[in-house]
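Hi everyone, thanks for making the time. I'd like to walk you through a structure, so please have a look at the screen before I start.

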Amino acid sequence: MKKTLLITACLILTACGQKLDGTYSDEMGITQYNFKSGDKVYVNVMGTETELDYSIEDDKVKISGPQGNMVFTLNEDGSLQGPMGMKLSKKAE
């Protein structure tokens, strides 16, 4: 019983602390989002890099920037679906 309770608690805490890690890119490689620890994402668009904050709630990834927030949907295949049809896939490392 205690073991089951402990496993359940760990699963709940893991789900609440969901993080992204690694680099996600559009199909042509023009835009890259590099997710790091500390809830930071480094967005590189055509050679210009910007550091932004991100958070995850359910299947939504909210990236906060000076011009406002962008919301991506975390797809079941691990890709990110963004505004105006933008799709970012995780790059193999």
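Let me begin with one residue, M46, which sits in the loop between β3 and β4. I should say right away that this is a predicted model, so please hear everything that follows in that light. What caught my eye about M46 is its backbone: the phi angle is positive, about 50 degrees, even though the residue is not a glycine. As a reminder, most residues other than glycine have a negative phi. And is M46 buried or exposed? With a relative accessibility of 69%, M46 is exposed, because the cut-off for that class is over 50%.

There is another methionine to put beside it. M84 also has a positive phi, near 55 degrees, and again this is a residue other than glycine. You'll find M84 in the loop between β7 and β8, the latter being residues 87–90. M84 has 88% relative accessibility, so it counts as exposed.

Now let's step back to the whole chain. How many helices and strands does the protein have? The count is one helix and eight strands, and along the sequence they come as α-β-β-β-β-β-β-β-β. The eight strands close into a barrel, in the order β1-β2-β3-β4-β5-β6-β7-β8, with antiparallel pairing. For anyone who doesn't look at sheets every day, strands of a sheet pair through backbone hydrogen bonds, either parallel or antiparallel.

A few overall numbers. The protein has 93 residues, and 24% of them are buried. Its accessible surface is about 6800 Å², with 56% of that belonging to carbon and sulfur atoms. If you take contacts between residues at least 6 apart in sequence, 27% of them join residues at least 24 apart.

Let's walk along part of the barrel, starting with β4, residues 48–57, and β5, residues 60–65. These two run antiparallel and are joined by five bridges. If you want to find the register on screen, E57 is opposite K60 in β5, and S55 is opposite K62 in β5. The β4 and β5 hairpin has two residues between the strands, and D58 there has a positive phi near 55 degrees.

While we're in β5, have a look at S64, which belongs to that strand. Which residues does S64 contact, beyond its neighbours within four places in sequence? They are L52, D53 and N69. S64 and D53 are eleven residues apart in sequence, yet their C-alpha atoms are 5.4 Å apart in space. S64 has a relative accessibility of 29%, so it counts as partly exposed.

Moving on, β5 pairs with β6 through six bridges, again antiparallel. The hairpin between β5 and β6 goes through two residues, and V61 stands opposite F72 in β6. Then β6 meets β7, residues 80–81, with two bridges, also antiparallel. L74 faces L80 in β7 across that pairing. The β6 and β7 hairpin has five residues between its strands, and G78 in the turn has a positive phi of about 95 degrees.

On to the pocket, which I suspect some of you were waiting for. The largest pocket has a volume of about 170 Å³. It is lined by 14 residues, and the closest to its centre are L52, G65, P66, Q67 and M70. Which elements give two or more residues to that lining? They are β3, residues 40–45, β4, β5 and β6, residues 68–74. As for chemistry, the lining of the largest pocket divides into seven nonpolar residues, seven polar and no charged.

One last residue, for contrast with the exposed methionines. T31 lies in strand β2, residues 31–36. T31 is buried, because its relative accessible area is 12% and the cut-off is under 20%. Leaving out residues up to four places away in sequence, T31 touches Y24, S25, D26, N44, V45 and L88.

So if you take the file back to your desk, you could look again at M46 in the loop between β3 and β4, at T31 in β2, and at the 14 residues that line the largest pocket. Thanks for listening, and I'm happy to go back to any part of it.

Terms used. Residues are numbered from 1 along each chain as its sequence is written. This is a predicted model: local features need pLDDT of at least 70, side-chain atom pairs count only at pLDDT 80 or more; totals for chains, interfaces and linings use all residues. Side-chain values use heavy atoms; hydrogens and water are left out. Two strands pair if DSSP finds at least two bridges between them. Helices (H or I, at least four residues) and strands (E, at least two) are DSSP runs, numbered from the N terminus. On a 1 Å grid over the protein atoms alone, a cavity is a set of points where a 1.4 Å probe fits but cannot get out, and a pocket is an open set with protein on both sides within 12 Å along at least five of seven lines; lining residues have an atom within 4 Å of a point. Grid points are joined across faces, edges and corners, and a volume is the space filled by probe spheres set on the points. Ala, Val, Leu, Ile, Met, Phe, Trp, Tyr, Cys and Pro count as nonpolar, Asp, Glu, Lys and Arg as charged, and the others, Gly among them, as polar. Buried means under 20% relative accessible area, exposed over 50%, partly exposed in between (1.4 Å probe, protein chains only). Contact means heavy atoms within 4.5 Å. Accessible areas come from the Shrake-Rupley method with a 1.4 Å probe; for residues, only the protein chains shown count as cover.
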